[in-house]
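Thank you for asking for comments on this model. My notes are set out below as numbered points, and they are best read with the structure open alongside.

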Amino acid sequence: MNYNSIFLFFFLMTGAGIASANGTDSVNLEMPPSSLEQWYKPVSKRHVWLHTMFALRREMQAIGEYAEQGGWAKMDKWISRLEKDYGKIAEMVPEWEDEIKLRLLPELKMFAEKKDAYRTAKTLKMIQRTCDDCHHSYQPIVTAIYRSPHYGDIKVKNLNGDEQSYEDSMEALSTSVNQILIALDDGYKSKALAARQNLTDQLQNLGGSCRHCHEKERYPHERILGKATKQKLDALESRISEGRVKESQQLTGEIAVSVCARCHNIHRIVNDLRNALVPDR
Ligand code: HEC
Ligand code: HEC
Ligand code: HEC
């Protein structure tokens, strides 16, 4: 285990969470208006807000490039689209009306009609500034709140075949990993073998829950719980049986990094962040 893995391993096993800063070193995050919620799943069928944003970026790019290239023929189309989508910001979230400058759109249209590339670009820049200002204040927190997946409703089978909560399944995994390490430390070979078997079965059960979000995709499961992981778990069984304690400890650490920590880095960090920011969701 290199230094990095040891750190990750420690982080994982101590269950370090995010401490909220109540002291003087606190960070102020502005919460977005709650009217935003209706433009995100599950209230909405799609992430309407986000898709409007993607459209805005495309429209800004088209207008900018055509102004530069003198492509005035298509300008009207893209400015109309921008006007519509830019206006949607305040229609969707009236509290954000002051964040946008609608008056810039007729100006943009006028300069484009005059084929004035310089003023078109300048006005575009002023619109871009309104985009940047709002993003600076709200973008990360909105992403964390509305686009981090939920695990609360997902059930995972325990070793008896009964359903348990996601959190309980995680506690159980952690218990098994530590049981392996404690038994190895104290020379209890059969205990270590039994805990390794439990860990293998628990990971198998956890694997059944990936489809909640990854549906038909095979790759995410393969990446974390696929062939490479099975090989490591098999190798661990042989090492423990052969009494190779140090190698067994090392291999357990590797599994904790390549399975647990890797999956946590993808799924858990943003989930913990969201829970810390908005505990009631
Ligand atoms: C899907 C990939 C995934 C894998 C694989 C995974 N975890 Fe987790 N783990 C999560 C997520 C997501 C959370 C946060 C769950 C929540 O807060 O609802 C979590 C939370 C935890 C927690 C904190 C539980 C709590 O009470 O808040 C522990 C401990 C934990 N995992 C241990 C492990 C160990 C040990 C392994 C490997 C043997 C492992 N996890 C493998 C995704 C994973
Ligand atoms: C009043 C606030 C506000 C204004 C004004 C605004 N945005 Fe956004 N924008 C957001 C928020 C909030 C997010 C985060 C959405 C998310 O992550 O789901 C976002 C995200 C985006 C993203 C997605 C970034 C990514 O890859 O995840 C793009 C692109 C974007 N905005 C483009 C624009 C453009 C272009 C404009 C100006 C024409 C603009 N936005 C104006 C609030 C705003
Ligand atoms: C609650 C929803 C949820 C669950 C359950 C979930 N994931 Fe994910 N996972 C996501 C999201 C969201 C992303 C990021 C977007 C994407 O790549 O689809 C992601 C990304 C990934 C990625 C990185 C992208 C890739 O294809 O390499 C892997 C690997 C992954 N998940 C593995 C797993 C495994 C393994 C499980 C089950 C043990 C699992 N996930 C369960 C939501 C989930």
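1. Which helices each supply at least two residues of the shell around ligand 1? In this predicted model, they are helix H6 (166-186), helix H7 (189-207) and H11.

2. The shell deserves a slower look, since 17 residues surround ligand 1, and the closest are Met-170, Glu-171, Cys-260, Cys-263 and His-264. Sorted by class, these surroundings comprise ten nonpolar, four polar and three charged residues.

3. Several polar side chains approach ligand 1. A polar side-chain atom of Glu-171 lies 2.7 Å from an oxygen atom of the ligand, and an N or O atom in the side chain of Asn-271 is 3.2 Å from an oxygen atom of ligand 1. For His-264, an N or O atom of the side chain is 2.8 Å from a nitrogen atom of ligand 1.

4. The iron atom of ligand 1 has as its protein donors Met-170, through SD, and His-264, through NE2, which lie 2.1 to 2.2 Å from the metal. This pair links distant parts of the chain, with Met-170 in helix H6 and His-264 in helix H11, 94 residues apart. The site has six donor atoms, with angles of 87 to 178 degrees among them, and is octahedral. For comparison, the ideal angles for six octahedral donors are 90 or 180 degrees.

5. Why is Met-170 described as partly exposed? Its relative accessible area is 25%, and the category applies because this value falls between the limits of 20% and 50%.

6. The iron atom of ligand 3 is coordinated by His-214 and His-267, in each case through NE2, at 2.0 Å. Here too the pair links distant parts of the chain, as His-214 belongs to helix H8 (residues 211-214) and His-267 to helix H11 (residues 245-277), 53 residues apart. The angles among the six donor atoms of this iron run from 86 to 179 degrees, and the site is octahedral.

7. Are these two histidines buried or partly exposed? His-214 counts as partly exposed because its relative accessibility is 25%, and His-267 is partly exposed because its relative accessible area is 22%.

8. A last point concerns the largest nonpolar core, which has 36 residues; Leu-36, Trp-49, Ile-63, Leu-82, Leu-108, Ile-127 and Val-142 touch the most other members. Helix H2 (48-69), helix H3 (75-92), helix H4 (104-113) and helix H5 (117-146) each supply at least two residues of this core, and H5 gives the most, with nine residues.

Terms used:
Residues numbered from 1 in each chain as written. Chains lettered and ligands numbered in written order. Predicted model: local features only at pLDDT ≥ 70, side-chain atom pairs only at ≥ 80, totals over all residues. Heavy atoms only, no water. Donors = N, O, S within 2.8 Å, 3.2 Å for Na, K, Ca; no water. Tetrahedral: all angles 85-135°; square planar, octahedral: opposite > 155°, others 65-115°. Helix = DSSP H or I, 4+ residues; strand = E, 2+ residues; numbered from the N terminus. Buried < 20%, exposed > 50% of the residue type's maximum accessible area, 1.4 Å probe, protein only. Near = heavy atom within 4 Å. Polar contact = N/O pair within 3.5 Å; in protein donor to acceptor, adjacent residues only side chain to side chain. Nonpolar A, V, L, I, M, F, W, Y, C, P; charged D, E, K, R; others polar. Core = buried A, V, L, I, M, F, W, Y, C linked by side-chain atoms within 4.5 Å.
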